[in-house]
Amino acid sequence: MRGHPRHTTTLAVLIAAGAVLLAGCSGRHTGSSDAELTVSTTTAIIADLVEQVGGDRVDVTSIVPHHGDPHSYEPSPGDAARVAEADVVFSNGLLLEEPGIMKMVHNNARKSAPKIEIAEKLEQHGGTVMKLEEDLGLDVLWLGWAVEGEVAGDGSQVRTTATKVEGPGELRVYLTDTLGRPKVYIDSADGLDDTDSFTLPPEAHTHVNWAFSRPGTYRLTVEGRTETLDGKSEGIGSGVFTFTVGDSAEAPEGARVLDGGHADVALNAETGKVYVRADDDKSGEPARLPAGDVVLNVPDRAKEAVPEEGPYAFLGEAGDELWVLPQAVIGKHVHGDLDPHAWADVANAEAYVRRIEAELAKADPDGKATYEKNAAAYLKTLGALDEEVARKLATVPEENRKLITTHDAFGYLAKAYGMEIAGFVVPVPNQEPSAAEVEELGDTIREKKVPSVFLEPNLAARADVLRRVAEDEGVGICTIYGDSFDDRVDDYVSMMRHNATELAKCLGEDA
């Protein structure tokens, strides 16, 4: 079963976000009070792997609790206190974790404590990484914001500030969190100042909403600055981006118009250049187009009404017209070009374990023999688990090996075990799903002849619509675990065994 190519017919279905943030328990705490090392990890999955290698020599705490989402979890003062006590801090890396988590780690961890981003060097330990594929199928431009280029110093970030907006109306750039609340980054209505800005880590991308109050042509001037943890800041460049809003707005002659697909307003922290980074379907690599050569189009089909909810009053009177390029993915969703969910392939979990063993031995040389022994035993367990997962999924008829899930976290599983990602649910904040969008999800289930869909326990908001459509189509509704444990499944082996068993049962011949 290994080595089957991943089919890339991903269809992301746009749904609404009546979001519910599941509150987990406090950070997972394992190990012994007599431990030689105090270890902090960002996720419970990594905490479990560290515990398996470290045994009684490590005392492990997870920042993100069970039921939590590492993409959006906001750390507490208690999390910061535990990180400050750690001898070693393990994170996944590849921008899996919400940037606030990593900023908290760098601000609070001792300088002497190694901060290991495991997946960043996964290939050196026998693992593989793959590109993150995003294809949300929006009928308007999906415009994010990106920073490219490295910045020296742990925890360094790039601040992008809007310094000028010219146009017939107001421009607001905001993000909707997992509770449906807006966080405003740029609002030209009250004049621009240093607060009309936000930060991103180097080599990161984020999704945001772009809302324009009137049709016409807008020009947005932005500038970037690097920021380090010791308070140093340095300017790195500025540029002007042009938007045409409404069908009657005309682009300057000779400009390239982008009105669909995936693109980012981008700033390069090394060169100081600003440009539009746009997906290029022909080469597979993004095109970097100078800001002055591109027009970003917001057509009339992007027209919406200001929501009635009070937190959205900053957009205008309820019911007023808006032209919106949507955020598309609810909550903070900062990521890079590589898919960070590498542990979904058990062979990659083995690479995680080898990296953890090496780092624990560096931090605690006296425990080297113990770590080697524990890692060797656990690697045998993972080898058997890999075979078990492959064996179970091999029983799924080829025509049924299609996954529709609540999260784009299963690309590695699909590639490793011969599955296909048929679709994942992506909510559009503050927008009820249209009948056409719900119908499209139903069409996908019917066309792909999917026996069952799969819900993640920690993503209840996305589960509601997928559950409803699945019930309407008369297909099964099953459970799969991606980024997080819960009270029933609380270790990696149990998680992968559950996923394999559930997939085999729900997609098998009798499904």
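This is a short dialogue about reading features in a predicted model.

Biologist: What should I keep in mind about the model before we begin?

Modeller: It is predicted, so local features need pLDDT of at least 70 and side-chain atom pairs count only at pLDDT 80 or more, while totals for chains, interfaces and linings use all residues. Residues are numbered from 1 along each chain as its sequence is written, and side-chain values use heavy atoms, with hydrogens and water left out.

Biologist: Let's start with a helix. Which residues of α2 are buried?

Modeller: An α-helix has 3.6 residues a turn, so residues three or four places apart point the same way. In helix α2 (residues 77-84), D79, A80 and V83 are the buried ones. Buried means under 20% relative accessible area, exposed over 50%, and partly exposed in between (1.4 Å probe, protein chains only). Helices (H or I, at least four residues) and strands (E, at least two) are DSSP runs, numbered from the N terminus.

Biologist: Why do they sit on the same side of α2?

Modeller: They cover an arc of only 100° around the axis, which puts them on the same side of α2; the arc is that of the directions from the helix axis to the C-beta atoms.

Biologist: What do the buried residues of α2 pack against?

Modeller: Their partners are β3 (37-41), β5 (88-91) and α3 (99-108), with contact meaning heavy atoms within 4.5 Å.

Biologist: Now a strand, please. How many residues of β9 are buried?

Modeller: In a regular strand the side chains alternate between the two faces of the sheet. For strand β9 (residues 171-176), six of the six residues are buried, so it is largely enclosed by the rest of the structure. L171, V173 and L175 cover one side, and R172, Y174 and T176 the other.

Biologist: Which strands are joined to β9?

Modeller: Two strands pair if DSSP finds at least two bridges between them. β9 runs antiparallel to β13 (residues 209-212), with four bridges, and V173 has W210 as its bridge partner there. β9 also runs antiparallel to β10 (residues 182-187), with five bridges; here Y174 is partnered by V184.

Biologist: And a single residue: is L503 buried or exposed?

Modeller: L503, in helix α9 (residues 492-507), is buried, with a relative accessible area of 1%. Leaving aside neighbours within four places in sequence, its contacts include L393, V396, F454 and I480. The C-alpha atoms of L503 and S452 are 8.8 Å apart, although 51 residues separate them along the chain.
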